Amino acid sequence: MSELHTVNKSPFEKGSFDNCLGHVLEGSAVLLIEDGVYAAMKGTSTEAKVLAAKGVKFYALGADVKARGIAADRVIEGFEIVDYAGFVDLSAEHSKVVAWV
């Protein structure tokens, strides 16, 4: 049973992203939305945490990445940028969606 975890708060403001990583299981996915997309930025304290999460796929909502002025070359390698249709597909592909707010 795979889970899709969504995080909508900045990792530099709240502990939602760290709490998510503490519960995510191998085979699951993490989708960053709204201010949560700041966790996808290279060169930040979140990069090592993302790279250490083995067997977890990471996604970021492209519209939110763009809205916050994060250039594509500033996104941690391995992240897949998805659109709203991709968000829906991820929700349908996983048996459970867990929202970290």
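User: In which loop is Ala-72 found?
Analyst: This is a predicted model, numbered from 1 along each chain as its sequence is written, and its side-chain values use heavy atoms, with hydrogens and water left out. Local features need pLDDT of at least 70, side-chain atom pairs count only at pLDDT 80 or more, and totals for chains, interfaces and linings use all residues. Helices (H or I, at least four residues) and strands (E, at least two) are DSSP runs numbered from the N terminus. With those labels, Ala-72 sits in the loop between H3 and E4.

User: Does Ala-72 count as buried or exposed?
Analyst: Here buried means under 20% relative accessible area, exposed over 50%, and partly exposed in between (1.4 Å probe, protein chains only). Ala-72 has 70% relative accessibility, so the residue counts as exposed.

User: In what order do the five strands of the open sheet stand?
Analyst: Two strands pair if DSSP finds at least two bridges between them. E1 (residues 3-7) and E2 pair over four bridges, and one bridge joins Leu-4 to Ala-29 in E2. The pairing in this sheet is parallel, and the order is E4-E3-E2-E1-E5.

User: Which strands stand at the edges of that sheet?
Analyst: An edge strand here has a single partner strand, so one side of it is left without a neighbour in the sheet. The two strands in that position are E4 and E5 (96-100).

User: Which residue of E3 is the bridge partner of Ala-29?
Analyst: E2 (residues 29-32) and E3 pair in the parallel sense over four bridges. Four of the five residues of E3 (residues 57-61) are buried, so this strand is largely enclosed by the rest of the structure. The partner of Ala-29 in E3 is Lys-57.

User: What is the handedness of the crossover from E3 to E4?
Analyst: A crossover is right-handed if, with the strands pointing away from the viewer, the path from the first strand over the helix to the second runs clockwise. E2, helix H2 (residues 46-52) and E3 already make a right-handed β-α-β unit. From E3 the chain goes through helix H3 (residues 62-67) to E4, and this β-α-β crossover is also right-handed.

User: How is the aromatic pair of Phe-58 and Phe-79 classed?
Analyst: Rings of Phe, Tyr and Trp (its six-membered ring) pair if their centres lie within 6.5 Å; planes under 30 degrees apart count as stacked, over 60 as edge-to-face and the rest as tilted. The structure holds one such pair. With 5.4 Å centre to centre and 45° between the planes, the pair of Phe-58 and Phe-79 is tilted.

User: Which helix gives the most to the largest nonpolar core?
Analyst: A nonpolar core is a set of buried Ala, Val, Leu, Ile, Met, Phe, Trp, Tyr and Cys residues joined through side-chain atoms within 4.5 Å. Of the 23 residues in the largest one, those touching the most other members include Phe-17, Phe-58 and Phe-79. Helix H1 (16-23), E2, E3 and E5 each supply at least two residues. With three residues, the one that gives the most is H1.

User: What relative accessible area does Thr-6 have?
Analyst: Thr-6 belongs to strand E1. Beyond its neighbours within four places in sequence, its contacts (heavy atoms within 4.5 Å) include Leu-31, Phe-87 and Trp-100. Thr-6 is buried, with a relative accessible area of 7%.
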